Amino acid sequence: MPERWPRAAATRRRPEGRCPTPETTPVLLSGWGRTSPSAARVLVPTDDDQVVEALNERASRGDEAVIPRGLGRSYGDAAQCAGGLVIQTTGLDRVGEISRDGTVEVGAGTSLAALLRAALPEGWFVPVTPGTRQVTLGGAIAADIHGKNHHRDGSFCRHVVSMTLATPTGVHEVSAESDPDLFWATAGGMGLTGVVLRARIRLRPVETAWMWVDTERHRRLDDVLEALVRLDTTHAYSVAWLDCSARGAALGRGVVDAGDHALLAELGPAVRRDPLAPPAEARLHVPTLPTSLVNRASVAAFNRLWYATHPTRPGRLQHLGGFFHPLDAVSGWNGVFGPRGFVQYQFVVPPERPEVIGRALERLQRASAPCSMAVLKRFGPGDPGPLSFPMAGWTLALDLPIGPPDLRPALRTLDHLVLEAGGRVYLAKDARLAPATFAAMYPALSAFEATRRRVDPQGLLQSDLSRRLRIGPGTR
Ligand SMILES: Cc1cc2nc3c(=O)[nH]c(=O)nc-3n(C[C@H](O)[C@H](O)[C@H](O)COP(=O)(O)OP(=O)(O)OC[C@H]3O[C@@H](n4cnc5c(N)ncnc54)[C@H](O)[C@@H]3O)c2cc1C
């Protein structure tokens with residue numbers, strides 16, 4: 001282990017089921033959408049050396065594909081490797097001491113939930129958070145995740161100072177300055193450049209764990225878009241939820257939330273007693289239900305209720321757990337989609353092509369595909385990662401249960417609409433894109449392949465996603 005690794009400063013709960021040697025019996029793994037499970041052997045290393053050893057062994061034998069996995073919160077097949085070895089990093093969960101400038105070295109298997117438990121009481125927040133804190137640092141880098149502050153702060157890897165990357169050709173200390181090609185290929189590279197062992201990231205100072213939230217309800221999509229543009233100039237965070245069952249003139253109506261961190265002086269006495277309390281753990285758990293609860297009737301009722309009852313008071317004080325991670329209140333909520341699961345389709349289109357949003361909603365309505373959740377956000381400029389998803393424009397994420405026969409053709413139509421508009425689909429959510437469509441959406445793919453060949457000439461790093469999309473040596 002390198003000398004500079006600091007002593008752990010945080011108390012951590014050890015995840016169960018660790019094994020330093022790979023299981024000999026393959027385990028069935030799937031993404032959060034549970035659509036395409038596959039079996040692989042799983043190694044759960046407890047230190048960096050075990051990862052390096054596993055990669056070295058496979059590089060010398062050249063006979064087994066490998067892919068890292070974090071907490072399996074990507075929706076499709078990115079963290080699976082049928083017939084190969086999956087390195088589940090959750091044992092690499094150390095949090096270093098936070099320096100005075102807010103930088104901290106974090107083990108790649110640390111969840112953002114654990115990082116927040118360590119950092120919030122000291123007055124630090126993560127620079128970018130997705131809609132759940134149950135993701136690892138490695139998963140956050142590999143998907144170059146975005147949050148509600150993308151318009152202001154960009155995506156996660158903009159806040160990564162450096163990372164330690166284990167590849168089949170050795171361990172690399174990488175920063176955007178020391179090796180920009182490898183750094184940015186890893187940012188959004190879906191684990192295909194190596195296993196991130198740890199990274200130094202820059203945290204954001206906060207005085208409290210509370211948010212001031214302004215909420216507006218709008219009857220038309222155009223008004224929702226206008227509100228996001230306007231609120232982005234005054235707020236650090238913004239997001240809109242759309243009622244996907246609304247039609248005609250009400251198509252795309254929705255509720256817009258915009259928030260900022262609250263200052264200590266702004267809190268009332270009750271909250272001020274423990275102003276930096278981390279978010280509470282989930283209190284409810286949903287088992288996988290034998291059949292999906294998500295159908296056209298339940299979705300229409302839920303959407304109408306949410307739209308009608310969402311509080312629209314300006315200046316509401318909300319704990320950051322509820323503001324950033326509302327779904328974390330219920331663990332295993334994906335179980336409501338039943339054993340067949342669901343896909344999340346997330347795309348981004350340039351700022352001047354917002355009409356694709358309405359056309360996508362209409363196409364899904366024509367396919368009778370119920371959409372249980374539609375989240376709209378405005379991105380600022382993207383980062384240089386060839387496979388990094390965010391780019392300036394509008395991004396819409398849609399949760400769609402598997403079932404309606406016209407869902408697949410409808411999503412293929414959406415692919416064409418997005419591609420024609422100059423946009424792309426998010427790999428961390430994808431389970432079904434075709435290789436040619438993917439290659440057209442990510443024109444810098446050849447630059448990614450070149451960097452990947454440098455660190456993994458044999459193409460050992462493979463996932464079900466990379467095989468499906470034909471990323472890798474000899475696949476095109
Ligand atoms: C409820 C919910 C809300 C979400 N909201 C958002 C959002 O707002 N914004 C957003 O951007 N994403 C969002 N996501 C997606 C999620 O942030 C990403 O899929 C993230 O990558 C998941 O992290 P993970 O640790 O679960 O990784 P996994 O799903 O286990 O793996 C994802 C990818 O990362 C790679 N990987 C994992 N660990 C490492 C490592 N140590 N080194 C190299 N590669 C690695 C894997 O190979 C795989 O390709 C959301 C997901 C859920 C379930």
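Visitor: Which residue stands opposite Val195 in E9?

Guide: In this predicted model, Ala166 stands opposite Val195. The wider pairing joins strand E7 (residues 160–167) to E9 by 6 bridges, and the two strands run antiparallel.

Visitor: What makes E7 and E9 a pair?

Guide: Pairing requires at least two bridges between the strands. E7 and E9 have 6, so they count as paired.

Visitor: How do you know that strand E5 is joined to E9 as well?

Guide: There are 5 bridges between strand E5 (residues 103–107) and E9, which run antiparallel. The cut-off is at least two, so E5 and E9 also qualify as a pair. Within this pairing, Val106 has Ala199 of E9 as its bridge partner.

Visitor: Why is strand E9 called largely enclosed?

Guide: Strand E9 covers residues 195–202, and 6 of its 8 residues are buried, so the rest of the structure largely encloses this strand. Buried here means under 20% relative accessible area.

Visitor: Which elements give two or more residues to the shell around the ligand?

Guide: Start with the contacts themselves. The ligand is surrounded by 34 residues, and the closest are Pro68, Gly70, Arg73, Ser74 and Thr136. An N or O atom in the side chain of Ser74 lies 2.6 Å from an oxygen atom of the ligand. Gly139 places a backbone N or O atom 2.9 Å from a ligand oxygen. The elements that contribute two or more residues to the shell are strand E3 (66–69), helix H3 (137–142) and E9.

Visitor: What makes the approach of Gly72 to the ligand a polar contact?

Guide: A polar contact is a pair of N or O atoms within 3.5 Å. A backbone N or O atom of Gly72 is 2.9 Å from an oxygen atom of the ligand, so the pair meets the cut-off. As for cover, the ligand taken alone exposes 970 Å², of which the protein buries 96%.

Visitor: How do you know that the length of helix H6 agrees with what is expected?

Guide: Helix H6 (residues 221–232) has 12 residues, which at 1.5 Å a residue should span 16 Å. The C-alpha atoms at its ends are 17 Å apart, so the two values agree.

Visitor: What makes the buried residues of H6 line one face?

Guide: The buried residues of H6 are Leu221, Val224, Leu225, Ala227, Leu228, Leu231 and Asp232. They fall within an arc of 160 degrees when seen down the axis of H6, so they line one face of the helix. As a general rule, an α-helix has 3.6 residues a turn, so residues three or four places apart point the same way.

Visitor: Which residues of helix H8 are buried, and how do you know that they line one face?

Guide: The buried residues of H8 are Val299, Ala300, Asn303 and Tyr307. Down the axis of H8, these buried residues lie within an arc of 100 degrees, so they line one face of the helix. Turned away from the buried side is a face with the exposed residues Ala297, Leu305, Ala308 and Thr309. Helix H8 (residues 296–309) reaches 20 Å from its first C-alpha to its last over 14 residues, close to the 20 Å expected at 1.5 Å a residue.

Visitor: Why is strand E18 called largely enclosed?

Guide: In strand E18 (residues 373–379), 5 of the 7 residues are buried, so the strand is largely enclosed by the rest of the structure. E18 pairs in the antiparallel sense with strand E19 (residues 393–401) over 7 bridges, and Phe379 stands opposite Gly393 in E19.

Visitor: What makes strand E12 and E18 a pair?

Guide: They share 2 bridges, in the antiparallel sense. At least two are required, so the pairing of E12 (residues 237–242) with E18 counts. Here Ala240 stands opposite Leu376 in E18.

Visitor: Why is Asp464 called buried?

Guide: Asp464 has a relative accessible area of 13%, and buried means under 20%, so the term applies. Asp464 is found in helix H14 (residues 464–468), and its side chain reaches the backbone nitrogen of Ala82 at 2.8 Å.

Visitor: Why is Ser368 called partly exposed?

Guide: Its relative accessible area is 31%. Buried ends at 20% and exposed begins over 50%, so a value in between is partly exposed. Ser368 lies in the loop between helix H10 (355–366) and E18, and has a positive phi of about 55 degrees although it is not a glycine.

Methods. Residues are numbered from 1 along each chain as its sequence is written. This is a predicted model: local features need pLDDT of at least 70, side-chain atom pairs count only at pLDDT 80 or more; totals for chains, interfaces and linings use all residues. Side-chain values use heavy atoms; hydrogens and water are left out. Buried means under 20% relative accessible area, exposed over 50%, partly exposed in between (1.4 Å probe, protein chains only). Helices (H or I, at least four residues) and strands (E, at least two) are DSSP runs, numbered from the N terminus. The expected span of a helix is 1.5 Å times one less than its number of residues. The arc is that of the directions from the helix axis to the C-beta atoms. A residue is near a molecule or strand if one of its heavy atoms lies within 4 Å of it. A polar contact is a pair of N or O atoms within 3.5 Å; within protein, one must be able to donate a hydrogen and the other to accept it, and residues adjacent in sequence count only if both atoms are side-chain atoms. Accessible areas come from the Shrake-Rupley method with a 1.4 Å probe; for residues, only the protein chains shown count as cover.
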